[in-house]
Amino acid sequence: MRLDKYLKVSRLIKRRTVANEACDAGKIAVNGKIARASYDVKVGDIIEITLGARSVKVKVTEVKEVVRKEDAETMYSPVS
C-alpha cells in the first residue's frame with residue numbers, strides 16, 4: 001500500500017492530500033530516510049511524522065486496505 005494511503009487509512013493523518021503534501025515537503029521518514037508518497041509500506045516499517053512542533057514515531061503492525069475507525073489503531077504501535 002502507498003505511504004500516503006496508509007497514513008490516511010490508519011488515521012495518522014486525516015486526509016490523503018495532506019499526507020501527500022507532507023511527503024512532498026519531506027516531513028515523513030520511513031526507517032530513517034525521507035520517503036515519497038509512493039513508498040510501499042510493509043509490516044515492520046518505522047514511520048516518523050514531523051508536523052510543526054509535533055513528532056510521532058510508530059511501527060507498522062498491519063497493512064489493510066479498508067479498516068473501521070475503531071480498529072485503525074491496530075495498524076500501528078507507538079515507538080518511543
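Is Arg2 buried, partly exposed or exposed, and what is the relative accessibility behind that label? Arg2 counts as partly exposed because its relative accessibility is 35%, and the range between 20% and 50% carries that name. The model discussed here is predicted.

## Overall fold

The protein has 2 helices and 5 strands. Along the sequence they run α-α-β-β-β-β-β. The helices therefore precede the strands in that pattern.

The C-alpha atoms fill a box of roughly 30 × 25 × 25 Å along the principal axes. The radius of gyration is 11 Å. A compact globule with 80 residues would have a value near 12 Å, so the two agree. Buried residues make up 34% of the 80 residues. Take the contacts with a separation of 6 or more: residues 24 or more positions apart account for 36% of them.

## The nonpolar core

The largest nonpolar core holds 22 residues. Which of them touch the most other members? They are Leu3, Tyr6, Leu7, Leu12, Ile28, Ile47 and Ile49. Several elements give two or more residues each to this core: helix 1 (3–9), helix 2 (16–24), strand 1 (28–30), strand 3 (46–51) and strand 4 (54–60). Helix 1 gives the most, with 4 residues.

Tyr6 is worth a look in the viewer. Leaving aside neighbours within four places in sequence, Tyr6 is in contact with Met1, Leu12, Val41, Ile47, Val60, Glu62, Val63, Met75 and Tyr76. Two of these partners, Leu12 and Ile47, are also on the list of core residues that touch the most other members.

## Asp45, a buried acid

Where is Asp45 placed? Asp45 is in the loop between strand 2 (33–34) and strand 3. Asp45 is buried, yet has no salt bridge. The nearest side chain of opposite charge belongs to Lys42, 4.3 Å away. A salt bridge needs a nitrogen within 4 Å of a carboxyl oxygen, so this pair does not count as one.

Asp45 does have polar partners. Its side chain makes a polar contact with the side chain of Asn31, at 3.1 Å. The backbone nitrogen of Lys42 lies 2.9 Å from a polar atom of the Asp45 side chain. Setting aside residues up to four places away in sequence, Asp45 touches Val30, Asn31, Tyr39, Asp40, Val58, Lys59 and Val60.

## Salt bridges

Side chains of opposite charge can pair when their charged atoms come close. The protein has 5 salt bridges. In one of them, Lys5 pairs with Glu65, and the closest N and O atoms are 2.8 Å apart. This pair links distant parts of the chain. Lys5 is in helix 1, while Glu65 is in the loop between strand 4 and strand 5 (76–78), 60 residues away. Lys5 is partly exposed, with a relative accessible area of 26%.

Glu70 forms a salt bridge with Arg68, with the closest N and O atoms 3.1 Å apart. Both Glu70 and Arg68 are exposed. Elsewhere, shared partners join Arg2, Asp4 and Arg16 into one salt-bridge network. Within that network, the closest N and O atoms of Arg2 and Asp4 are 3.1 Å apart. Asp4 has 1% relative accessibility and therefore counts as buried. Its partner Arg2, at 35%, counts as partly exposed.

How values were computed. Residues numbered from 1 in each chain as written. Predicted model: local features only at pLDDT ≥ 70, side-chain atom pairs only at ≥ 80, totals over all residues. Heavy atoms only, no water. Core = buried A, V, L, I, M, F, W, Y, C linked by side-chain atoms within 4.5 Å. Buried < 20%, exposed > 50% of the residue type's maximum accessible area, 1.4 Å probe, protein only. Contact = heavy atoms within 4.5 Å. Lys, Arg positive; Asp, Glu negative; His and termini not counted. Polar contact = N/O pair within 3.5 Å; in protein donor to acceptor, adjacent residues only side chain to side chain. Rg over C-alpha atoms; globule rule 2.2 N^0.38 Å.
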